[in-house]
Amino acid sequence: AAYGEIIPAAERDFAEELLAGADESTVKASAHVLGYDPHRPHRVIIATGRPRGGLGEQFFQAVVREVRRLDAGSLVVARTDYVVIIAYREADWAKLHTAITGDLPRGTCRLAVGSRYPDAWHAAASYREAQFVANLASSALSDPAVPVLRFESLGIYRMLSSVTDPAGIEEFMNE
């Protein structure tokens, strides 16, 4: 099955709307059409694998399958280098990581977990946090032995996430 066959187009469009930061009224209108409750807390998780040069359909299918099996009540969309999970239920993210890894022949996956926000129209903020966590490539947090990284556990890096030039942070830290 191709990406489009796994995730219905209306769900994919709604997920893209959330990730782009659509306003409350737009999210509520789209959610109503889908029968989706946007008033639940949401968080965004980014799943990455190797190689980072592009993820295949097998990785995407493993993520979708395990997200559904774990019943995180999520929307899932593919990007070139990662898969985005929009979850409205809390789950054991380490368990999700283990399940995805178990579905892959070479078992490589990392999860970057954004903060939980009170409703769907704040999902874009969680997405930005998950992207920040996923992009901490040169820090001590990039240890492959740590397969699930949570924005809430970043300490001082949380403050640094609001800086507009991440390369400047890296240069400062190296100095």
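Colleague: Which residues touch the most other members of the largest nonpolar core?

Modeller: Those are Leu-18, Val-44, Val-84 and Ile-86, in a core of 28 residues. Do keep in mind that this is a predicted model.

Colleague: Thanks! What makes this set a nonpolar core?

Modeller: A nonpolar core takes buried residues of certain kinds, Leu, Val and Ile among them, joined through side-chain atoms within 4.5 Å. Leu-18, Val-44, Val-84 and Ile-86 belong to such a set, and buried means under 20% relative accessible area.

Colleague: Which elements each supply at least two residues of this core?

Modeller: They are the helices α2 (9-20), α3 (24-34) and α6 (123-134), together with the strands β1 (43-48), β2 (74-78) and β3 (83-87). The most comes from α6, which gives 5 residues.

Colleague: Which residues does Val-44 touch, leaving aside those up to four places away in sequence?

Modeller: Its partners include Val-84, Ile-85 and Ile-86, and also Ala-123, Ser-126, Tyr-127 and Ala-130. Leu-19, Ala-112, Val-113 and Gly-114 are on the list too. Each counts as a contact because heavy atoms lie within 4.5 Å.

Colleague: Let's turn to the helices. Why are α2 and α3 called roughly antiparallel?

Modeller: Their packing angle is about 165°, and the term applies to angles over 145 degrees. The pair therefore counts as roughly antiparallel. The axes are 11 Å apart, and the crossing is left-handed.

Colleague: Which residues make that contact?

Modeller: On the α2 side they are Ala-10, Phe-14, Glu-17 and Leu-18. Facing them from α3 are Thr-26, Val-27, Ser-30, Ala-31 and Leu-34. You met Leu-18 earlier, in the largest nonpolar core.

Colleague: What is the value of phi at Asp-71?

Modeller: Phi of Asp-71 is near 60°, which is positive, and the residue is not glycine. You will find Asp-71 in the loop between α4 (57-70) and β2.

Colleague: And why is Asp-71 called partly exposed?

Modeller: Its relative accessible area is 46%. Buried would need a value under 20%, and exposed one over 50%. Asp-71 falls in between, so it is partly exposed.

Colleague: Stepping back, how many helices and strands are there in the protein chain?

Modeller: The protein chain has 8 helices and 5 strands, in the order α-α-α-β-α-β-β-α-β-α-β-α-α. Of its 175 residues, 42% count as buried.

Colleague: What share of the contacts with a separation of 6 or more comes from residues 24 or more positions apart?

Modeller: For the protein chain, that share is 65%.

Conventions: Residues numbered from 1 in each chain as written. Predicted model: local features only at pLDDT ≥ 70, side-chain atom pairs only at ≥ 80, totals over all residues. Heavy atoms only, no water. Helix = DSSP H or I, 4+ residues; strand = E, 2+ residues; numbered from the N terminus. Buried < 20%, exposed > 50% of the residue type's maximum accessible area, 1.4 Å probe, protein only. Axes fitted to C-alpha atoms, helices over the stretch in contact; angles between N-to-C directions. Parallel < 35°, antiparallel > 145°, perpendicular 65-115°, else oblique. Left-handed = near helix turned anticlockwise from the far one by under 90°.
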